[in-house]
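Trainee: I'd like a close look at just one part of this model, please. Could you choose a barrel and walk me round its wall, strand by strand?

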Amino acid sequence: MLARNEVIFKWALYGAVTALCFFLQGAFFQRFTLWGVLPFVYPLLAAIPATYEAPVPATIFALCVGVVCDALLPGAIPCFYTLIFPVIGLLSSLLARGVLPAGFFCSLAAVILALCLTDLFRCLLLWISGRNVWRAGLFLLLRELCVTLPFSLPVILLYRMAARKVHLYD
Amino acid sequence: MKNFLKHHGLWVLFATAVIAVALTLMSVFSHTSSPLANAVNVIAAPFRAAYTAVADRFNDFQKHYRDYTGLEEENAILRRQLAEMEAEIRQAREDSEENSRLKKLLGLQDRRPDLTSDLQQAMVTEHAVTNWTSSLTINKGTSSGLEVGDCVMDDTGSLVGLVHEVGANWATVLTTVDTDTSLGAQVFRTGDLGLAQGDFSLMQEGRLRLNLLPADVSLLGGDLVVTSGLGGYYPQGLVIGSVEKVQLDPSGSDSYATLIPAVDFSQLTEVFVIRSFDPGA
């Protein structure tokens, strides 16, 4: 019974942090551009919490974030984020389990992975639909990465605080 | 004292009488004042100045206090009036902007009765949300009769984009520069037909392409490009933008032009959705 309560508390806390990040993106980050691009933190919301969790729950959480993003954002295809975010969640979780221990640097690596995967998937979809966008797309990815990385710091810290709270006795 | 008056009373009386007569005579014959009065007043003048200064100071202080409290009240009243006037000015500015928009719309209504018979005004609630699409979110949806594919224009009759997704009280509009936008277009001056399409590389620069132009097309920079209306899907004559440059396609069989959109999407606050139009007009 206690374990179930803990599980509920953990995902509610992750959900609250994610909702706060959605608010931050909508209210602040998408109101200005730097180097011609908006800071884009949505992929981070699938990647960073996943580094603190096991692959299966991380993938499911990322899937939920993807569904919400698809509902809110226009995409190349209607299920764009629903497809790519679980992959990001899974890979981020595996990254934390096999390569880098969960923490700040692991989250930073997951952020880079998430932005690269999201944008490469977009390029792939545009390429499949007959548009050769690799060059412009990779340049956009580079700019998006440079602009979003500084803004990922508060997001990383927020999830880190939430993870410390929920993994207090681990 | 009694003895003094008994012995010297007469002398005192006499001296008093002499002084009184002397003072009277001096005041009669003097052109200014009597020497005694003058002497007394000369001595009294500094004292008089001193106590007048003190009294003035006290009066000033009293007046200052009275004025200060009065000024505070006046200041509060003026501040309130200023705030009210500022609010009125703001309202007047908003009214003026609205008036100018409505005037433009009225002009558009005169020019294009086919478009303006079934317009829905909407406010832009959100601009671009990702770096990979060029979209707007507006505050009207199916409850206002909007449908996917409806044309969206600004108050000058320039094309903003097409409704991409629509909900009960919201709709997403893909602008003319978005990669998913594609519409039949016509060069206003020459009548050349083409396909106005968003291009990913150009979208970053806020431009779009006019594809499928004849290889020998002779367009000039600034040539106006409007919707062709062919097929009846979209109204004819909505301004898409103007020609920036013309280039030959790598295949050599046709040309394409880079267009500058007529609308500055980042500055849009209000748009009009064409819910229906008369294709024959």
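Mentor: What follows is a walk round a barrel in chain B, with a short look at its surroundings at the end.

Keep in mind from the start that this is a predicted model. For chain B the mean pLDDT is 84, and 93% of the residues reach 70 or more.

The barrel to look for is made of 6 strands of chain B, closed in the order 6-7-8-11-10-9 with antiparallel pairing. From one strand to the next, the twist averages 40 degrees. Strands in a sheet are held side by side by hydrogen bonds between their backbones, in a parallel or an antiparallel arrangement.

Let's start at strand 6 of chain B, which covers residues 182–187. On one side, 5 bridges join strand 6 of chain B to strand 7 (residues 193–197), and the two run antiparallel. To find this pairing on your screen, look for B:Ser182, which stands opposite B:Gln197 in strand 7. The hairpin formed by strands 6 and 7 of chain B has 5 residues between the strands. Which residue there takes a positive phi? That residue is B:Gly191, with a phi near 85 degrees.

Now go back to strand 6 of chain B and turn to strand 9 (residues 224–227), with which strand 6 pairs in the antiparallel sense over 3 bridges. Here B:Ala185 has B:Thr227 as its bridge partner, while B:Val187 stands opposite B:Val225.

Hold on to B:Val225, for this residue also leads into strand 10 of chain B, where its bridge partner is B:Gly241. Strand 10 covers residues 239–248 of chain B. Strands 9 and 10 of chain B are antiparallel and share 3 bridges.

B:Gly241 in turn takes you on to strand 11 of chain B, where its bridge partner is B:Pro261. Between strand 10 and strand 11 (residues 254–261) of chain B there are 7 bridges, again in the antiparallel sense. You can now trace a path across the wall: B:Val187 faces B:Val225, B:Val225 pairs with B:Gly241, and B:Gly241 pairs with B:Pro261. Strand 8 of chain B sits between strands 7 and 11 in the barrel order.

Now for the surroundings. Chain B also has a closed barrel of 6 strands running 1-2-5-4-3-12, with antiparallel pairing. Neighbouring strands of that sheet are turned by 45 degrees against each other on average, direction ignored. In it, strand 3 (residues 151–153) and strand 4 (residues 159–166) of chain B are joined by 3 bridges, and B:Val152 has B:Gly161 as its partner in strand 4.

Finally, chain A. Its contact with chain B takes 15 residues from each chain. On the chain A side, helix 5 (104–128) and helix 6 (134–166) are the elements that give two or more residues. Helix 6 of chain A gives the most, with 4 residues. By type, the chain A side divides into 9 nonpolar, 3 polar and 3 charged residues. Helix 6 of chain A also has a kink of about 40 degrees at A:Leu149, shortly before the proline A:Pro150. From end to end, helix 6 of chain A spans only 41 Å between C-alpha atoms, where a straight helix of 33 residues would span 48 Å.

As for confidence, chain A has a mean pLDDT of 89, and the model scores ipTM 0.82 and pTM 0.70.

Terms used: Residues are numbered from 1 along each chain as its sequence is written. Chains are lettered from A and ligands numbered from 1 in the order in which they are written. This is a predicted model: local features need pLDDT of at least 70, side-chain atom pairs count only at pLDDT 80 or more; totals for chains, interfaces and linings use all residues. Two strands pair if DSSP finds at least two bridges between them. Axes are lines fitted to C-alpha atoms, for helices over the stretch in contact, and angles run from 0 to 180 degrees between N-to-C directions. Two residues are in contact if their C-beta atoms, placed from the backbone, lie within 7 Å. Ala, Val, Leu, Ile, Met, Phe, Trp, Tyr, Cys and Pro count as nonpolar, Asp, Glu, Lys and Arg as charged, and the others, Gly among them, as polar. The expected span of a helix is 1.5 Å times one less than its number of residues. The bend at a residue is the angle between axes fitted to the seven residues ending there and the seven starting there. pLDDT is the predictor's confidence in each residue, from 0 to 100.
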